[in-house]
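Biologist: I should be grateful for a close look at one part of this model, together with the terms needed to read it.

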Amino acid sequence: MASHELTGLIRYLDQEDWQDCFAEVLDDHIGPALEAGDIAFEDLAEMIGPDVAMTLWGCAFEDFLGQDWDNGRNFIDVYLKRRGWKEGPRNSAYMRALKTSVMSLYEVSDIVTGKSLMARDLLQGGDPVLVQEGTATRTLKPWDRIAARLVPSDGKMILAGGLLPYSSAACEDLSASFYEALRKRRGKAPFPKLDTETLRELAPVFTLTWLFRTMEDMPRQMEGASQLLFNSDGDEFLSHEIRYPLAKGVTQKTIAAVLDAVPGLRPESRSFWNWLENHQGPKKAFRPQGRVKEGLSLTSEMDDGATVLGTLELKGRQLLVGVNSRERAMRAQAMLAEVLGGLVGTPLTQIMTPGQTLAERDSRTDPESDREALGLSPEDEARLVGEVMERHYRQVLDEAVPALGDVTPRQAARTAAGRENLVAWLKSLENNAARVGDGQRGMAAYDFTWMWHELGVAKLRK
């Protein structure tokens, strides 16, 4: 929220008899979430941070500014009539524009840090709009999605202050929330298009959906309870490192030849394999039991959507197996006992809780120091990472991708429905690389543009 432009409005809210009206709107935006968590707004501020809590307050305030109350009175109209002489034409114009704005869901692209971004309205459609923005562009990544209001100001489009970053899961929640809200409002009548008036009515849904998702995903610290973590199978998260000594006379080459032939093991190099879920078989059901519903489910996936069950790596005279639950450790040992037999000796297993795993990770050398130790410049790192990613994605173009309906990207590009999925997949690749790249500059610098051209969908990259 442009606080310097709305300071007078906020002060006027305290002075005039509008507090009850705003309290009603604020309750629409955050009340159900506070009630569900049995917490007060002050408790929420402690959980998510005071700045984020004030952003939620700002979302409600901006919605309040666009509403008419008794006798058609609008807060901004009343304020400008009585105090507009203190604001000047620029602030007055901004307030009137904010009054008519609506919250929507936008996909961002073409980010120029500190200057601008392009925003495409995912709910109302239309071409992307150039938005002048400084602060948000420093944290947003290509194809991120945000709930926000676009407001014209001085001949350009800017973002209002109530901006909420939406994850993929939150977007799915929002779709379900909108469907339910419209179903209740419209009964059996056809669903209307999400026009400006409908979005104005559903403004609290954006805030509530984001807040419920955030509260569900954040570590639960209420009542002193520690956060429980579970993998995609519903098994409690416990890191297992299983070390198999190679039997006397057995070489890495022998072990590698056996592992290369095991279904479900995808080699990344001559000494490293990802153990992937068998997509041809039935997927293991998530089994919520006891406090499982109160924990977080963590899933590790490859770029093509395949679920990673664990990793295998040959190091010296040992085969190292890494998995994240007791159940997967038992499955891995059973699988390796069948295929390796006497090629390896009795394994030793190290088990760590999530807290111990994080502590060990934090104690490791950071990426900057790793690069310096290897004598790599940022340019060398970007070049090497780019070469690896190029080889990988060249191969992926001709492999079946679960996220594309188990067809190859080239096959998906041949149909309208396939191209729609393909565009979403390509955007997710770029977005994930940009976010992972925060700690690996080489990955962040990788340019995926060639894939769009190679697959013939460059015109859909908007």
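Of the 462 residues of the protein chain, what percentage count as buried? I should then like to concentrate on helix H8: at what angle do helix H4 and H8 pack, and which residues of H2 and H8 make the contact between those two helices?

Modeller: The model is predicted, so local features need a pLDDT of at least 70 and side-chain atom pairs count only at pLDDT 80 or more, whereas totals for chains, interfaces and linings use all residues. Residues are numbered from 1 along each chain as its sequence is written, and side-chain values use heavy atoms, with hydrogens and water left out.

Of the 462 residues of the protein chain, 42% count as buried; buried means under 20% relative accessible area, exposed means over 50%, and partly exposed lies in between, with a 1.4 Å probe and protein chains only. The secondary structure of the chain comes to 17 helices and 15 strands, these being DSSP runs numbered from the N terminus (H or I and at least four residues for helices, E and at least two for strands). Taking contact to mean heavy atoms within 4.5 Å, 68% of the contacts between residues at least 6 apart in sequence join residues at least 24 apart.

Two packed helices are described by the angle between their axes and the distance between the axes. Here the axes are lines fitted to C-alpha atoms, for helices over the stretch in contact, and the angles run from 0 to 180 degrees between N-to-C directions.

H8 spans residues 203–217 and H2 spans residues 19–37; their axes come within 7 Å and cross at roughly 30 degrees. The two helices are therefore roughly parallel to each other; angles under 35 degrees count as roughly parallel, over 145 as roughly antiparallel, 65 to 115 as roughly perpendicular and the rest as oblique. The crossing of H2 and H8 is right-handed; in this convention the near helix is turned clockwise from the far one by less than a right angle, and anticlockwise for a left-handed crossing. On the H2 side, Asp28, His29, Ile30, Pro32, Ala33, Ala36 and Gly37 make the contact, and on the H8 side Ala203, Pro204, Thr207, Leu208, Leu211, Phe212 and Met215 do so. By class, these residues comprise 10 nonpolar, 3 polar and 1 charged, where Ala, Val, Leu, Ile, Met, Phe, Trp, Tyr, Cys and Pro count as nonpolar, Asp, Glu, Lys and Arg as charged, and the others, Gly among them, as polar.

H8 also packs with H4 (residues 50–65), at an angle of about 165 degrees and with the axes 9 Å apart. That angle makes H4 roughly antiparallel to H8, and the crossing of H4 and H8 is left-handed. H4 contributes Val52, Leu56, Cys59 and Asp63 to this contact, and H8 contributes Ala203, Pro204, Thr207, Trp210 and Leu211. The residues of the contact divide into 7 nonpolar, 1 polar and 1 charged.

One of the H4 contact residues is a cysteine, Cys59, and Cys59 is buried, with a relative accessible area of 1%. Cysteine 171 is likewise buried, at 12%. A disulfide is a covalent bond between the sulfur atoms of two cysteines; with a disulfide taken as a pair of cysteine sulfur atoms within 2.5 Å, the count comes to 0 disulfides.
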